[in-house]
Amino acid sequence: IKYMITVYKSVEKELIKTNYEQLDNVTIEKGSWIHIDNPTIDILKEVSKLTAINETFLLTSLDEEESARVDVDDDDTLIVLDTPYIENQEIEKYSTAPFIIAYNKNYFVTIEKHNFQLLDEVFRRVKNIETDKHVRLTLNIVYRLSTLFISYLKRINIHTEKLETSLRNATRNKELLSLMDTNKTLIYFSTAISGNKGVLAKLIRSSTYKKYEEDADLMEDTQVEMDQANEMCSISCSVVNSMMEAFGSIINNNVNGIMKTLAVITVVLSIPTLVCSIYGMNFANIPLYDNEYGFYIAIGSGLLLAIVGLFILIFIDRFKKK
């Protein structure tokens, strides 16, 4: 069963996990972390009543085009992050979608609409999750989001290297189109990372995040990872753009090479064709008309001239290259 709502509560350094399909007649303790997967309007309204978090903040998760931002309304805080996910595993296609963090002094809520790996990274990497410490929990999520971007960018770089190998001898547009898809993904990533950097910068400047000195190191590490992801994405964008230009020229050169070969073949074959055409004319004074070996002589002469012509073209081509 795929549960839509998961509630986490840290009790004496142990994380208690409870799954729900609905929240009717459910009481959730203060200090809990509520995670909603594939939300509906009704569930979001129930969570808003249960936690007293601004309903508008929670409904933001239904907008797939929501950009990264921070919004504060009295005790309620909304943080929207752009998160990467795998849209199509077979063709290495990635995209981004909003990940919502909303909290007040009593509850911490996260909402996602796609099968992200973000929370898996958080649970796997963070040893001690304290659900009542909202600032630290937020920073941990943003930190793991940065590392997730870096992980995906590494996979994209590996995919790009494979494309580079196949593009060296490519004459079709398939590989180039795949490179264009990669470039589009990197543009999405670059926009998302820039938005997330803006969110992180705003959080770091806020008084709420400044007052927790024990989280200063985590805050710095998060900023470093975000800068690294941003720089890595910029480099990958530049590399892919250069590759597209270079391999566009390579494909044209490969096609020109094929056309050149076909032109040589056409010229060479035209010589025996010309000889045979002449001897196919219907008049009596044609040379070798009465010779019983005339047919074979004509064919042999045509082939010999074709071979001579081929060597002449090869010699001219090599002479030009020198």
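Start with the aromatic rings: across the whole of this predicted model, a search turns up eight aromatic pairs. Select Tyr8 and Trp33 to see one of them, a tilted pair with 5.0 Å from centre to centre and 40° between the planes. This pair ties together distant parts of the chain, since Tyr8 sits in strand β1 (residues 5-11) and Trp33 in strand β3, 25 residues apart. Turn on a surface and look for the two side chains: both Tyr8 and Trp33 are buried.

Next, pick Tyr103 and Phe108. Are these rings stacked or edge-to-face? Their centres lie 5.7 Å apart and the planes meet at 20°, so the pair counts as stacked, the cut-off for that being under 30 degrees. Tyr103 has a relative accessible area of 7%, so it is buried. Phe108 is buried too, at 0%.

Now show Tyr8, Trp33, Tyr103, Phe108 and Phe123 together: these five residues make up one aromatic cluster.

Phe108 is a handy way into the next stop, strand β7 (residues 107-112). How many of the residues in β7 are buried? Six of six, so the strand is mostly covered. Colour its side chains by direction: Tyr107, Val109 and Ile111 point one way, while Phe108, Thr110 and Glu112 point the other way. Both sets are buried, Glu112 included.

Keep β7 on screen and add its neighbours.

- Strand β3 (residues 32-37) pairs with β7 in the parallel sense, over six bridges. To find the register, select His35, whose bridge partner in β7 is Thr110.
- Strand β6 (residues 93-103) pairs with β7 in the antiparallel sense, over four bridges. Here, try Ile100, which has Ile111 as its bridge partner in β7.

Follow the backbone from β6 into β7 and you'll trace a hairpin, with three residues between the two strands.

For the last stop, leave the strands and jump to helix α5 (residues 174-205), where you'll find Asn196. Is Asn196 buried or exposed? Its relative accessibility is 0%, so it counts as buried, given that the cut-off is under 20%. What does Asn196 touch, if you leave aside neighbours within four places in sequence? Select Ala68, Leu81, Asp82, Leu145, Phe149 and Met226 and you have its contacts. Among them is an acidic side chain, Asp82, alongside residues such as Leu81 and Phe149.

Conventions: Residues are numbered from 1 along each chain as its sequence is written. This is a predicted model: local features need pLDDT of at least 70, side-chain atom pairs count only at pLDDT 80 or more; totals for chains, interfaces and linings use all residues. Side-chain values use heavy atoms; hydrogens and water are left out. Buried means under 20% relative accessible area, exposed over 50%, partly exposed in between (1.4 Å probe, protein chains only). Two strands pair if DSSP finds at least two bridges between them. Contact means heavy atoms within 4.5 Å. Rings of Phe, Tyr and Trp (its six-membered ring) pair if their centres lie within 6.5 Å; planes under 30 degrees apart count as stacked, over 60 as edge-to-face and the rest as tilted.
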